[in-house]
Amino acid sequence: MRNIVFIAPPAAGKGTQAAILKDKFNIAHISTGDLLREEVKKGTKLGNELSEQMKSGKLISDEIVTELLKKRLLENDTNNGYILDGYPRNISQAETLDTLLSDINKPIDYVIYLDIDSETAMKRACGRLQCNNCGKIYNKYFDESKPKSENMCDECNITLTHRADDNEDSFKVRFETFMESTKPLIDFYKSRNLLYTVDSSISKEYTSEQINKVLNK
């Protein structure tokens, strides 16, 4: 069984790797953020409550997240394995998750930590440029991803855009906050012999290759 938890700092490529594994092994990719948004979209009583909480910036309680997660993990497509993306974020959630997974007999097999240095992660996040016409993504810091003409889309020949919140100062705060808050979680899974660290700073192909080695041990 391949029941996987991904832990990764910003810009480590977690979403990319989760998508690769989902297709490769036919396992469910579960994002707690997606679960919350889906419940809101359904317009259920809980969804309406969540909508109000999210609009006001309130944190969603662990009880609600656990309820939605349990419901999702009981769906048939998780019987072949799952990838948890964005949960758990702290020790309390990890302990709750352990109990939940024990109850439904779908324990974690691998916790994969995507390791990346802050400088590389910052360049990936803050160098991102996008064409608003065709959607193509570029990065001004990496030669293989740079547009042929500075700040212009290769396909559409229009000016590329840069998200205002993708700036170095805000990214450094996000990265450092993640590292500080996640250290106990990494130690938690390391003590249970579930943690595998993979270098995600080189390329998505290299990262994928290393993850496959872990999963085939």
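The chain averages a pLDDT of 91, where pLDDT is the predictor's confidence in each residue, from 0 to 100. A score of at least 70 is reached by 99% of the residues. Confidence is lowest in helix 3 (residues 45-55), at a mean of 81, and highest in strand 7 (residues 195-199), at 97. Where pLDDT is low, the predicted coordinates should not be read in detail.

This is a predicted model: local features need pLDDT of at least 70, side-chain atom pairs count only at pLDDT 80 or more, and totals for chains, interfaces and linings use all residues. Residues are numbered from 1 along each chain as its sequence is written, and side-chain values use heavy atoms, with hydrogens and water left out.

**Helix pairs**

Helices (H or I, at least four residues) and strands (E, at least two) are DSSP runs, numbered from the N terminus. Axes are lines fitted to C-alpha atoms, for helices over the stretch in contact, and angles run from 0 to 180 degrees between N-to-C directions. A crossing is left-handed if the near helix is turned anticlockwise from the far one by less than a right angle, and right-handed if clockwise.

Helix 2 (residues 32-42) packs on helix 3 at about 120°, with the axes 7 Å apart. The crossing is left-handed. L36, R37, E39 and V40 of helix 2 make the contact (heavy atoms within 4.5 Å). Their partners in helix 3 are L46, G47, L50, S51 and M54.

The axes of helix 6 (residues 118-126) and helix 7 (residues 168-190) come within 10 Å and cross at roughly 130°. That makes helix 6 oblique to helix 7; oblique covers what is left after under 35 degrees (roughly parallel), over 145 (roughly antiparallel) and 65 to 115 (roughly perpendicular). This crossing is right-handed. S118, A121, M122, A125 and C126 of helix 6 meet E168, F171 and F175 of helix 7.

The table splits both contacts by class. Ala, Val, Leu, Ile, Met, Phe, Trp, Tyr, Cys and Pro count as nonpolar, Asp, Glu, Lys and Arg as charged, and the others, Gly among them, as polar.

| Contact | Nonpolar | Polar | Charged |
|---|---|---|---|
| Helix 2 with helix 3 | five residues | two residues | two residues |
| Helix 6 with helix 7 | six residues | one residue | one residue |

**Two single residues**

N26 sits in the loop between helix 1 (14-25) and strand 2 (28-31). N26 counts as exposed (over 50% relative accessible area, 1.4 Å probe, protein chains only) because its relative accessibility is 58%. Beyond its neighbours within four places in sequence, N26 contacts L21 and N80.

T207 lies in helix 8 (residues 204-215). At 1% relative accessibility, T207 counts as buried (under 20%). Outside its neighbours within four places in sequence, T207 contacts Q17, L114, V198, D199 and S200.
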